[in-house]
Amino acid sequence: MANLIRFASNRLVLISVASLLTLFVLFHSFEPRRRAWSCKTLSSCLGGNRPPAYKHWDGVPVDLAVGKNEKKLGDGTVFYHRHIVNTQPDILFQVLSRDSHSWSADFRSTRRTIYDFLDMVVSTDLDLTRVSLGLMTASRDEFEAAKEAITPLPFARVALLYRENDGGGPASKIRYEDRHRPEVQRTRRGAIASARNYLTARTLQDEEHVVWVDADIVEFSDGLIQTMIAHAQKRDDVGILTALCTQTITANYDKNAWSYNRDEPLVNGLVQDKDFDKAADTLVDTRTYIDELIKGTTNDDIVPLDSVGGTILYIKASLLRQGVNFPTSYIVGTTWPHEGWVGIESEGLCYMASQLEGGGTCFVLGGNHHVRHADWS
């Protein structure tokens, strides 16, 4: 009898485990969820992965009036615009998304979506009636998903752009899985710079602060955006800001943010054409990355930079209106016959801003301020 009881008990356990596994597989294979399900940590796995609650509904006009329209621009780009009447946004968030893969995924998590990105924006605790959102994608499905995802959120203004095939050009032929290969970086980053400039030109209106966030950023430290804005408002020379970008197994993910070595003559002076490659190699070997620069700093500190990355990036809108943009070629060392040897895309922003009279200087936030990059692409 005892053996029969043990057998029945073990069988019940096995059936229960099998049922749970079956439900888990079905749920994550066919789930109607719009957000990623994360078991990256025990708390996220057991906590239901609830999205953050928006806390500023009191600031939304009672007589809310929304205007929206969609049209095809002269270059073929599909443009969707939605705005809340009688709002005056001063912050513009901008993001590029090639397709659904751009949102990436965390370890032990399902793939993220536009809903997860918007949850992250909500988590900043900003009043969204002060916030505009600009998003450009090369996927019609993502374009339609974004239109649906923004519906319940009171962004003052939203501009969504769909450019088929990344707008064309050589970069559109780079496979997603090959995007980090060294031999495609010049083409890829030039195309990213062009896309960033295009989105800015189409979306920036009267906002004072522009915040770029890469699609595969999954987390902001508390008060990050507010701290960036506070520094920019406090000091005229603070025009561009970034923060440390971490990944679970990487202390400093974004290697495009750095300060160069002033004591290295090859990179601090005029570089002859024949020395371009040597200068670039020397720069890589001697520059200091932000994880080293911010050691010993506090949350109130900012540290000067010569180059910034684009994972998280604050820019005073006044600099953009004066002509600062993302260089589509190596801008430092440019001559009439050819481009220079460094300074493409975000790595050329600080150089451009420094050439303006009273132009902004680049800085990184000190202390514990950071963003976190997704574990998987």
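**Exercise 1.** In this predicted model, find which residue of strand 4 F93 stands opposite, and work out how many bridges join strand 3 to strand 4.

*Solution.* Start at F93: its partner across the way is L133 in strand 4. Now widen the view to the whole strands. Strand 3 covers residues 91-97 and strand 4 covers residues 131-137. Seven bridges join the two, and they run parallel.

**Exercise 2.** Which strands does helix 4 touch, and which does helix 5 touch?

*Solution.* Take helix 4 (residues 140-149) to begin with: this helix packs on the sheet and touches strand 1, strand 2 (78-84), strand 3, strand 4 and strand 5 (157-162). Its direction makes about 165° with that of strand 5. Next comes helix 5 (residues 185-203), which also packs on the sheet. Its contacts are strand 2, strand 3, strand 4, strand 5 and strand 6 (209-213), and its direction makes about 140° with that of strand 3.

**Exercise 3.** Trace the order of the strands in the open sheet. Which are the edge strands?

*Solution.* Walk across the 10 strands: the order reads 1-2-5-4-3-6-13-8-14-12, and the pairing is mixed. At the edges you meet strand 1 (66-72) and strand 12 (302-305), each of which pairs on one side only. On average, neighbouring strands here are turned by 20° against each other, direction ignored.

**Exercise 4.** Describe the second largest pocket and its lining.

*Solution.* Begin with the volume, about 780 Å³. Then look at the 31 lining residues: P52, D119, V218, E219 and R372 lie nearest the centre. Helix 3 (114-122), strand 7 (217-220) and helix 6 (224-234) each supply at least two lining residues. Finally, sort the lining by character: nine residues are nonpolar, 11 polar and 11 charged.

Conventions:
Residues are numbered from 1 along each chain as its sequence is written. This is a predicted model: local features need pLDDT of at least 70, side-chain atom pairs count only at pLDDT 80 or more; totals for chains, interfaces and linings use all residues. Side-chain values use heavy atoms; hydrogens and water are left out. Two strands pair if DSSP finds at least two bridges between them. Helices (H or I, at least four residues) and strands (E, at least two) are DSSP runs, numbered from the N terminus. Axes are lines fitted to C-alpha atoms, for helices over the stretch in contact, and angles run from 0 to 180 degrees between N-to-C directions. Contact means heavy atoms within 4.5 Å. On a 1 Å grid over the protein atoms alone, a cavity is a set of points where a 1.4 Å probe fits but cannot get out, and a pocket is an open set with protein on both sides within 12 Å along at least five of seven lines; lining residues have an atom within 4 Å of a point. Grid points are joined across faces, edges and corners, and a volume is the space filled by probe spheres set on the points. Ala, Val, Leu, Ile, Met, Phe, Trp, Tyr, Cys and Pro count as nonpolar, Asp, Glu, Lys and Arg as charged, and the others, Gly among them, as polar.
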